[in-house]
Amino acid sequence: MGFLEDFQASVETLPAMLHKNYSLMRELDKSLQGVQLENEQRCQQEIEDIKHGLESGSITTYEPAKLKFSDEAIEEQKHCVRIADEKVALATQTYDLVDAHIQQLDQFMRKLEELRLEKEAAAAAAAAAAADAAVAATSAAPAGAGTFRSAAADPAPKTGRTGERSRGGRKKAKVPMELPTEQPPIDLELPVDPNEPTYCFCNQVSYGEMVACDNPDCKIEWFHFGCVGLKEQPRGKWYCLSCSAFQKKRKGR
């Protein structure tokens, strides 16, 4: 806001400059009135002298030089004109001085308005960017580590699934069956797209690291690491708790 400081400094000197000009105009006006009074008295006296000269015969109409005002009276009249012109010039200067400050104020007001509009536009852009980021966060989950599927890539919807489950060649090993029977659902409190499919025992959307059951007929197929007790990438085939129990029943027949 340096321009405001400049304008304030300029305005602070204005009252003193106006007071100086007004004082000069008052002095000129007082001087003009004094010269005018003297000139009126001189001219009145000279008119009376001319009348007396004509009446006494000391002045005739054939002497035009004696029928006009004296050089002193004419010079006083010229001096009055000069004082009046100086007074008008000073008044014009004072007007221009005030007008220049008014124009400067208008310029600063326009600058302030431009700054206000720029700030509002920047705030609106920031709000729009934040809204876009929030929408993006609700429509896409963070990518998983290593070769695990992310919310944006896999898993695919389970409807119409075939034997080609495309797990990216991931190797999974058997996990000891003494894993917890079932982990409590994890409450992520994440904004969920109502059109996004859900997975795992917790019936939530895909997020973080996930593992797929190797049973092609698994009803759930994809599971969050935390929900099935995994902390690292499995090797070899891996089955969820439900499919593992089903496999045991089939082998026991």
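**Cysteine 240 and its surroundings**

Hi everyone, let's start with one residue: cysteine 240 sits in the loop between α3 and α4, the helix spanning 241-252. Please keep in mind that this is a predicted model.

Is cysteine 240 buried or exposed? Its relative accessible area is 2%, and buried means under 20%, so cysteine 240 counts as buried.

Now, who does it meet in there? If we skip residues up to four places away in sequence, cysteine 240 touches Cys213, Cys218 and Phe223.

Let's look at one of those partners. Cysteine 213 belongs to the loop between β1 and β2. With 0% relative accessibility, cysteine 213 is buried too.

Next, some cysteines from a database record. In an unreviewed UniProt entry, the annotation "binding site" covers Cys213, Cys218, Cys240 and Cys243. These four spread over 31 residues of sequence, yet they cluster in space, with a largest C-alpha distance of 8.3 Å. From this set, Cys218, Cys240 and Cys243 help line the second largest pocket.

Let's zoom out to the nonpolar core. Which members of the largest nonpolar core touch the most other members? Among its 17 residues, they are Val211, Cys213, Phe223, Trp238 and Cys240. So our two cysteines turn up again here. At least two residues of this core come from each of β1 (210-212), β2 (222-224) and α3 (225-228). Another core, made of seven residues, lies apart from it, and its members include Met25, Leu28, Ile83 and Leu90.

That's my tour, and thanks for listening!

Key:
Residues are numbered from 1 along each chain as its sequence is written. This is a predicted model: local features need pLDDT of at least 70, side-chain atom pairs count only at pLDDT 80 or more; totals for chains, interfaces and linings use all residues. Side-chain values use heavy atoms; hydrogens and water are left out. A nonpolar core is a set of buried Ala, Val, Leu, Ile, Met, Phe, Trp, Tyr and Cys residues joined through side-chain atoms within 4.5 Å. Buried means under 20% relative accessible area, exposed over 50%, partly exposed in between (1.4 Å probe, protein chains only). Helices (H or I, at least four residues) and strands (E, at least two) are DSSP runs, numbered from the N terminus. UniProt positions are given in the numbering used here, feature names are shortened, and annotations may be inferred rather than shown by experiment. On a 1 Å grid over the protein atoms alone, a cavity is a set of points where a 1.4 Å probe fits but cannot get out, and a pocket is an open set with protein on both sides within 12 Å along at least five of seven lines; lining residues have an atom within 4 Å of a point. Contact means heavy atoms within 4.5 Å.
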